[in-house]
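Biologist: Could you take me through this model? I would like to begin with a helix contact and then move to the sheets.

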Amino acid sequence: MVKLFYFRNQRFSKLKAQCERDQRLFVDPEFPPETKSLFFSRATPPEPVEWKRPKDICAPDPPQLFVDGMSSHDVTQGKLGNCWFVAACSSLALELSLLEKVIPEMKHQEWDPQNVGNYQGIFRFRFYRQGQWTEVVVDDLLPTICGKLVYVHSTEKNEFWSALIEKAYAKLAGSYEALEAGNTGDALVDFTGGVCESINLKDGGYSEDVEKRLTLFKSMERATREKSLISASIRVHIYFTLIFF
């Protein structure tokens, strides 16, 4: 049994039951649909933002966590400089067993057209922080501009797993703006609880040393066989990030 830390002491089952009893949809008082959840450096957004639930964003299509399963191509960056987080989500989508750690009881959290009463607008996600798994509860009110998601979104208009993970991660960080600039390896560790190894291809002299390249390729092959996650980042230098278990 995994010992969990509950962020802001919010218990998913308790909050969901309260909403069901009161016949209302969950609105998170700890991460409200307000500007302070978007920014820490400004009091008003540069454009008018409207918080909408998925059913109102993708109508007339029904919302889903996943459309035809998950894919690394599902995740698209929005108006936020968090390409590092997008890359981590794309890698995570390649390995179902790891994605299920971040989205517990995925099937039970999916929108169910046969049981609409099971929907209370509340979702939960888990991240590995400071040596323990932390469960983060969020509502599904997402920031939109002109009816479109502002931040991370899927290539399918009615698919919302990546947007909701981003909201939970932003809540853990304090705001969406707090996700500006980061490290893909850090996000992958938060998603998996694994160990990160970053390799600088230029400073490591891999372009000149054939033996070092072969050793790297063997490490990548082993990581792939062991279902570890691999991501590449391009800035001034090029890095590979390996997550080992």
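Modeller: In this predicted model, Trp84, Phe85, Ala87, Ala88, Cys89, Ser91 and Leu92 of helix 4 are in contact with Thr184, Ala187, Leu188 and Phe191 of helix 8.

Biologist: How many nonpolar, polar and charged residues does that contact have?

Modeller: The contact of helix 4 with helix 8 has 9 nonpolar and 2 polar residues, and no charged ones.

Biologist: At what angle do the two helices pack?

Modeller: Helix 4 (residues 83-92) and helix 8 (residues 184-192) pack at about 45°, and their axes are 8 Å apart. The two helices are therefore oblique to each other.

Biologist: Is the crossing left-handed or right-handed?

Modeller: Helix 4 crosses helix 8 in the right-handed sense.

Biologist: What else does helix 8 lie across?

Modeller: Helix 8 lies across strand 4 and strand 5, and its direction makes about 110° with strand 4.

Biologist: Which sheet has strands 4 and 5, and what is the strand order?

Modeller: They belong to an open sheet of 3 strands with the order 1-5-4 and mixed pairing. Strand 1 (4-6) and strand 4 (122-129) are at the edges with a single partner strand each, so one side of each has no neighbour in the sheet. From one strand to the next, the twist averages 30°.

Biologist: How many bridges join strand 4 to strand 5?

Modeller: Strand 4 and strand 5 (residues 132-139) run antiparallel and are joined by 8 bridges. In this pairing, Phe123 stands opposite Val138 of strand 5. Helix 7 (residues 161-173) also packs on this sheet, where it touches strand 4 and strand 5; the direction of helix 7 is at about 110° to that of strand 5.

Biologist: Turning to the sheet with the order 2-6-7, what is its pairing?

Modeller: That open sheet of 3 strands has antiparallel pairing. Strand 2 (50-52) and strand 7 (148-149) form its edges; each has a single partner strand, so one side of each is left without a neighbour in the sheet.

Biologist: Over how many bridges do strand 6 and strand 7 pair?

Modeller: Strand 6 (residues 142-145) pairs with strand 7 over 2 bridges, in the antiparallel sense. Ile145 has Lys148 of strand 7 as its bridge partner.

Biologist: And the chain overall: how many helices and strands are there?

Modeller: The chain has 9 helices and 11 strands. Its C-alpha trace spans about 65 × 45 × 35 Å along the principal axes.

Biologist: What is the radius of gyration?

Modeller: The chain has 19 Å, which agrees with the value near 18 Å for a compact globule with 245 residues.

Note on methods
Residues are numbered from 1 along each chain as its sequence is written. This is a predicted model: local features need pLDDT of at least 70, side-chain atom pairs count only at pLDDT 80 or more; totals for chains, interfaces and linings use all residues. Side-chain values use heavy atoms; hydrogens and water are left out. Axes are lines fitted to C-alpha atoms, for helices over the stretch in contact, and angles run from 0 to 180 degrees between N-to-C directions. Helices (H or I, at least four residues) and strands (E, at least two) are DSSP runs, numbered from the N terminus. Angles under 35 degrees count as roughly parallel, over 145 as roughly antiparallel, 65 to 115 as roughly perpendicular and the rest as oblique. A crossing is left-handed if the near helix is turned anticlockwise from the far one by less than a right angle, and right-handed if clockwise. Contact means heavy atoms within 4.5 Å. Ala, Val, Leu, Ile, Met, Phe, Trp, Tyr, Cys and Pro count as nonpolar, Asp, Glu, Lys and Arg as charged, and the others, Gly among them, as polar. Two strands pair if DSSP finds at least two bridges between them. The radius of gyration is taken over C-alpha atoms; the globule rule is 2.2 Å times the number of residues to the power 0.38.
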